[in-house]
Amino acid sequence: MTDITIRLPNGKWSYDDQSRLGAPGGFGEVFHGHGETDEVAVKRLRLSAQHAAHRELDIGQALMQRDLSHVVPILDAGQDSESNQYFLIMPVCDFSLQDKIDEAGGDLDIQIISEAISAIIDGLLEVGDITHRDLKPANILMHNGVWKIADFGIAKFVEDSTSMETLRGCLTPQYAAPEQWLGERATSATDVYALGCIIHALVNGQPPFLGSYDEIREFHLHTAPEQVSKLAKRIAAFVSLMLRKPPEARPTLSRCSSVLSQISFEEPVRSDSHGALVDAAK
């Protein structure tokens, strides 16, 4: 094991590039590291200063100034003074929402589903002036007993620094909204769409569209997903609204918060006569 030392705006950190935390993502990979006193997670971005025109990772600096309950804290962020690489420093989290989805295999407990959805919405509302742009279960992490959103602003940094083609190549296809495939500006409606895809994954064990890269793109642009049949009909219909193709046709985050706070599974239909008699007598 050889630790690599990096120097960021808030000080010196080190990480082991042979000790990954989770699978690599489109924007970078995370390694086990440490500061002067604590263990940390070090995210090394795929984007280098050569492509970013030596931009500062301003979003990390902005989030460090805020007291956020449902966003993973950023301890440091920026370009390493001794290299062309950009890094984010975060606390080590316990596991991701994707881990829970994989464990459950399409049978995730309704309480976990409800808590995760509420936390995601709360996190997005907390950072109302910043669109996440790459919301997915792997970016929802358990930290200090609370679901929190990670990787805020990385997509915006890439978008500002490179071509939209580069940005599309970094996004997670299964959760990317139609406007992202078209190279259009992302808004909070983009995150609402991704949340709709996440709800499908939470309930069914997989997002609404699967296939090759090109197939997924066509699905997102032209195909309406099936309703989430396991959810109560009103909630399932609302999730379909979140996945409308035009961004302006989707519900707002505030509306999502109001409706999805009542999330529940569909009650099973009882066809036996005894069950009907018992129900009638109530």
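**Exercise 1. How many of the 17 residues of α8 are buried?**

Start by placing the helix. This is a predicted model, and in it α8 runs over residues 188-204. Next, go through its 17 residues and sort them by cover: 15 of them turn out buried, so the helix is mostly covered, given that buried means under 20% relative accessible area. Then check the length. From first C-alpha to last, α8 reaches 24 Å, close to the 24 Å expected at 1.5 Å a residue. Finally, step just past the end of the helix: G205 takes a positive phi of about 90° there.

**Exercise 2. Work out which residues link up with R20 through salt bridges, and how covered the partners in the R20 pair are.**

Step one is the pair itself. The side chains of R20 and E29 meet in a salt bridge, with N to O at 2.7 Å. That sits inside the 4 Å cut-off for a salt bridge.

Step two widens the view: R20, E29 and R44 are linked in a network of salt bridges.

Step three is cover. R20 has a relative accessible area of 47% and is partly exposed, whereas E29, at 12%, is buried.

**Exercise 3. Take the salt bridges D134 to K136 and R217 to E218, and decide for each residue: buried or partly exposed?**

Begin with D134 and K136. Their closest N and O atoms are 3.7 Å apart, and the two form a salt bridge. D134 has 7% relative accessibility and counts as buried. K136 has 10% and counts as buried too.

Now move to R217 and E218, whose side chains meet in a salt bridge at 2.9 Å, N to O. R217 comes out at 27% relative accessibility, which counts as partly exposed. E218 has a relative accessible area of 35% and is likewise partly exposed.

To put these pairs in context, a search of the whole structure finds eight salt bridges.

**Exercise 4. Describe the surroundings of I140: where does this residue sit, and which residues are in contact with I140?**

First, the address: I140 belongs to strand β7, residues 140-143. Second, the cover: relative accessibility is 1%, and I140 counts as buried. Third, the contacts. Setting aside neighbours within four places in sequence, I140 touches F95, S96, L97, I120, L135, W147, K148 and I149. Fourth, a distance to try in your viewer: V72 is 68 residues from I140 in sequence, and the two C-alpha atoms are 8.8 Å apart in space.

**Exercise 5. Size up the whole chain, then say where you'd hold back from reading the coordinates in detail.**

Count the secondary structure first: 12 helices and eight strands. Then the cover: of the 282 residues in the protein chain, 48% are buried. The chain exposes about 13,600 Å², and carbon and sulfur atoms supply 48% of that area.

For contacts, consider those with a separation of 6 or more. Residues 24 or more positions apart account for 62% of them.

Last comes confidence. The average pLDDT is 86, and 83% of the residues score at least 70. Residues 273-282 are the place to hold back: pLDDT stays under 50 there, and the model has two contacts beyond four places in sequence for this stretch. Where pLDDT is low, predicted coordinates shouldn't be read in detail.

Note on methods. Residues are numbered from 1 along each chain as its sequence is written. This is a predicted model: local features need pLDDT of at least 70, side-chain atom pairs count only at pLDDT 80 or more; totals for chains, interfaces and linings use all residues. Side-chain values use heavy atoms; hydrogens and water are left out. Buried means under 20% relative accessible area, exposed over 50%, partly exposed in between (1.4 Å probe, protein chains only). Helices (H or I, at least four residues) and strands (E, at least two) are DSSP runs, numbered from the N terminus. Contact means heavy atoms within 4.5 Å. pLDDT is the predictor's confidence in each residue, from 0 to 100. Accessible areas come from the Shrake-Rupley method with a 1.4 Å probe; for residues, only the protein chains shown count as cover. The expected span of a helix is 1.5 Å times one less than its number of residues.
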